[in-house]
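Q: Hey, can we go over the aromatic rings in this one? I'd like to see who sits with whom.
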Amino acid sequence: MTPFDRLESVAAPLLRDNIDTDLIIRVEPLFNGVARDALGPYCFESLRYRPDGTEDPAFVFNQPATRHARILLAGANFGCGSSREGAVWALLALGVRCVIAPSFGDIFYGNCFQNGLLPVRLPRAGVESLAAQARNHPDTPMTVDLRQCFVAGADGARIGFDIQALRREALLEGLDPIAQTLKRKELIDGFQRRDALRRPWIHHLPFTPKEST
């Protein structure tokens, strides 16, 4: 998983509440075996394309200034709906590394950390302020700093955010849940050795009957 430390990028404002995982990615590309890193063209498919398959120039990711935005400014309850990890994969394949919103669907929020996408919760007023700056200064990069936990828009003002310590550590170091567990392998092995001596039947160790006296 690619580590996340500090990101500087233009931001794409899409302040629509309740964007669900079905809108982020349809289920068909996932079932049809499209590779994770090839899901980009399918992300926000119903919003990006007209019925004839051409791009809708009104959609934010089709506009020249924000076509390659790595930061998405979203509305409340972003990523709600079905449990679909492919929604995170599609956003990453589109090039997005950070989504800033007032709130997220719980399962989507957890899936972000497992795949290297940073979800930042900010008050709605903060998100709207950043979106206004992005619209008024579309060529000015925004900064997301995970080490110091702040977001800065075109005006340079910092808005702090909170994130659970272990999740922050995992993103900073680029660790998925398995790698995060293996980092503590020595502690786990030590516990298992001590526990095996104390409760050998739990660990399916060979049983040696005591000699009768």
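A: Sure. Quick definition to start: rings of Phe, Tyr and Trp (its six-membered ring) count as a pair if their centres lie within 6.5 Å. Keep in mind that this is a predicted model.

Q: Okay, how many aromatic pairs are there in the whole structure?
A: A search of the whole structure turns up 8 aromatic pairs. Among them is F59 with F61, at 6.1 Å centre to centre and with 40 degrees between the planes.

Q: What do we call that F59 and F61 geometry, and why?
A: That pair is tilted, because planes under 30 degrees apart count as stacked and those over 60 as edge-to-face, with the rest being tilted.

Q: Are F59 and F61 buried or exposed?
A: F59 has a relative accessible area of 6%, so it's buried. F61 is buried too, at 2% relative accessibility.

Q: And what about F78 and F108, how are they arranged?
A: Those two are edge-to-face, 5.4 Å centre to centre with 80 degrees between the planes. F78 is in the loop between β3 (71-74) and α4 (86-94), while F108 is in helix α5 (residues 106-115), so their pairing ties together parts 30 residues apart in sequence. Both F78 and F108 are buried.

Q: Which aromatic cluster do they belong to?
A: F78 and F108 form one cluster with F104, Y109 and F113.

Q: Switching topic: which charged ends sit over rings?
A: R121 has its charged end over the ring of Y109, 3.8 Å from the ring's centre. The charged end of R36 sits over the ring of W89, at 4.0 Å from its centre.

Technical notes
Residues numbered from 1 in each chain as written. Predicted model: local features only at pLDDT ≥ 70, side-chain atom pairs only at ≥ 80, totals over all residues. Heavy atoms only, no water. Buried < 20%, exposed > 50% of the residue type's maximum accessible area, 1.4 Å probe, protein only. Helix = DSSP H or I, 4+ residues; strand = E, 2+ residues; numbered from the N terminus. Lys NZ or Arg CZ within 6 Å of the ring centre and 35° of its normal.
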